[in-house]
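Trainee: Could we go through this model slowly, so that I learn how each descriptive word is earned?

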Amino acid sequence: MSTEPAEWPNDAFHVFDTTLRDGAQREGISYSVADKLAVARLLDDYGVGFIEGGWPGAMPKDTEFFAQARSDLKLRNAQLVAFGATRHAGRKVHEDRQVLALLESEAPVVTLVAKSDVRHVERALRTSLEENLAMVGDTVAFLVGEGRRVFVDCEHFFDGYHHDPDYGVRLLMTAAEAGASVGVLCDTNGGMLPSGIARVVADVKERSGVRLGIHCQDDTGCAVANTISAVEAGVTHVQGTANGYGERTGNADIFAVVANLELKLGLQVLPPGSLAETVRVSHAIAEIANLPPDTHQPYAGTSSFAHKAGLHASALKVSADLYNHIDPQVVGNDMRVLVTEMAGRASIELKSRELGMDLSDDPDSVARVTNRVKDLEAQGWSFEAADASFELMVRRETDSMPTAVYELESWRTLVERQGDGTVVSEATVKVVVDGERVISTAEGNGPVNALDRALRQALLSAHPELEQLELVDYKVRILEGVKGTDAVTRVLVSTSDGTNEWQTVGVHENVIEASWLALDDALRYSLLSDVD
């Protein structure tokens, strides 16, 4: 664990990440020590200035993390931060085990949490207001004297301010006089709105003269907006978590915060070029947390720059910035055009161009494809998550589909439950490949898996590259009463060749036939590059 100054010494403005401490309090997240080290490396790659690693001495896993970080964590941009509390009431600071554990972590920076709401001091800590101030001053001075940089998180600051607008200011000034670098105003209950944040920050900044930070929870859905408002009111230290992870509804999303600061307020808060790593780092941390990435997350979500309405597509044909508030590539994202029943001719043109097929000089083909999409969508098909099936459909409608590599004669599936409870699925596929009739039978853990194996087995002699294909995801949705008909089934399949992944769709009243249509498209798409 390096204690040397970071290569990106932006001390004028702090980006402080607490994914490993506050973010780990999200329901469903449980990081191992190895996970915490991996997340810390990603955050350091992203260029944050401070990474809060946890609470050593209070959490055994966090104590182990700091111990392992000393040898295994080499930070280039960030400094590691240990989180902890002030000395206990009535106890000498140099005898307080909790405070000593912060020193033993060897983290160069310490964040102390302190009660700034008089109600919490009197009812939760059960001590006097003056003793609480002394606890803060003593602990800060002790840690600074031991060579640590200290930030003080003023817990429940905004709620406390409404009850007593003076005590929190006294605490900030006590901390600063003892040597604290930053006093962080915490909206611990997450109940503030941007206008209230701006008003309180401006008042506190003027009265205290202390360097201020901001820490916002998202209980009103305003954590990012509240953080930005605090910066506009004079804060120069922002705290947040990757993807907004945190207790209850979460914290301010650090990716949205820094993107807004750089792209909307013009502040350089990350090392140059780091913003382009937003999507990669966001999704990598989601994978470690074992949570699906939020597709609609600002800046980092895959749908952040996805356009569905035909009206949008018409404008995007003229200029991409007419419906994009930034260039998606600035944050490592891409613009996508979704093909649905809302699609117009412009959507079809843009999507086809995105897939490498320029139809701008072929209005008749655009019209046929547009009408075909609308007809199929009315029957329950959906192409917005199945680019491969859409490309095949466009090729068929524009006579640009290569000669078929195989023709289907028939398929059949059997499911047998044996007396011992074992269930066996078997599929037989009959196809014509290069003029030769091939019959292939295979077993699988279900009829769809058996069909997939049987079809690929039938084609392997002519196309051995199909051996590496893998069905990586399979989703089924029952669509009730499409256009007055009985329920139909929509199947979405994801297939991978180990390098690339593509999605195909099939729709039918019979779930196995719907699955076959999606599987058939998946294999035909994989063979396009071989026959083009």
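Mentor: Let us start with contact, which means heavy atoms within 4.5 Å. Among contacts in the protein chain between residues at least 6 apart in sequence, 68% join residues at least 24 apart. Please keep in mind that this is a predicted model, in which local features need pLDDT of at least 70, side-chain atom pairs count only at pLDDT 80 or more, and totals for chains, interfaces and linings use all residues. Residues are numbered from 1 along each chain as its sequence is written, and side-chain values use heavy atoms, with hydrogens and water left out.

Trainee: How many helices and strands does the protein chain have?

Mentor: The protein chain has 18 helices and 16 strands; these are DSSP runs numbered from the N terminus, a helix being H or I over at least four residues and a strand E over at least two.

Trainee: What makes strand β1 and strand β2 a pair?

Mentor: Two strands pair if DSSP finds at least two bridges between them. Strand β1 (residues 14–17) and strand β2 (residues 50–54) have two bridges, in the parallel sense, so the condition is met. One partner of Asp-17 is Ile-51 in β2, and Asp-17 also stands opposite Gly-240 in β8. Strand β8 (residues 237–240) pairs with β1 over four bridges, again in the parallel sense.

Trainee: Which way do the residues of β1 point, and are they buried or exposed?

Mentor: His-14 and Phe-16 point one way, while Val-15 and Asp-17 point the other way, and all are buried. Buried means under 20% relative accessible area, exposed means over 50%, and partly exposed lies in between, with a 1.4 Å probe and protein chains only. Of the 532 residues of the protein chain, 52% count as buried.

Trainee: Why is α1 called oblique to α2?

Mentor: The axes of helix α1 (residues 33–46) and helix α2 (residues 60–72) come within 9 Å and cross at roughly 55 degrees. Such axes are lines fitted to C-alpha atoms, for helices over the stretch in contact, and the angles run from 0 to 180 degrees between N-to-C directions. Angles under 35 degrees count as roughly parallel, over 145 as roughly antiparallel, 65 to 115 as roughly perpendicular and the rest as oblique, so the crossing angle makes α1 oblique to α2. The contact between them involves Val-33, Lys-36, Leu-37 and Arg-41 of α1, together with residues of α2 that include Phe-65 and Gln-68.

Trainee: How do you know how α1 and α11 run relative to each other?

Mentor: The axes of α1 and helix α11 (residues 278–288) come within 10 Å and cross at roughly 170 degrees. That value is therefore in the roughly antiparallel class. Their contact includes Leu-42, Leu-43 and Tyr-46 of α1, and Val-281, Ala-284 and Ile-288 of α11.

Trainee: What makes β14 and β16 the edges of their sheet?

Mentor: Three strands form an open sheet in the order β14-β15-β16, with antiparallel pairing. β14 (470–479) and β16 each have a single partner strand, so one side of each is left without a neighbour in the sheet. The twist averages 15 degrees from one strand to the next. Nine bridges join β14 to β15, and Val-476 stands opposite Val-491 in β15. Eight bridges join strand β15 (residues 488–496) to strand β16 (residues 501–508), with Thr-489 bridged to His-508 in β16. β15 and β16 form a hairpin with four residues between them, and Gly-498 in the turn has a positive phi of about 95 degrees. Helix α17 (residues 511–526) lies across β14, β15 and β16, running at about 145 degrees to β16.

Trainee: Why is Asp-434 called exposed, and what is the state of Tyr-299?

Mentor: Asp-434 counts as exposed because its relative accessibility is 69%, whereas Tyr-299 is buried, with a relative accessible area of 4%. Asp-434 is in the loop between β12 (423–433) and β13 (436–444), and Tyr-299 is found in the loop between α11 and β9 (306–307).

Trainee: What is phi of Tyr-299, and what is phi of Asp-434?

Mentor: Most residues other than glycine have a negative phi. Phi of Tyr-299 is near 70 degrees, a positive value, and phi of Asp-434 is near 50 degrees, also positive.
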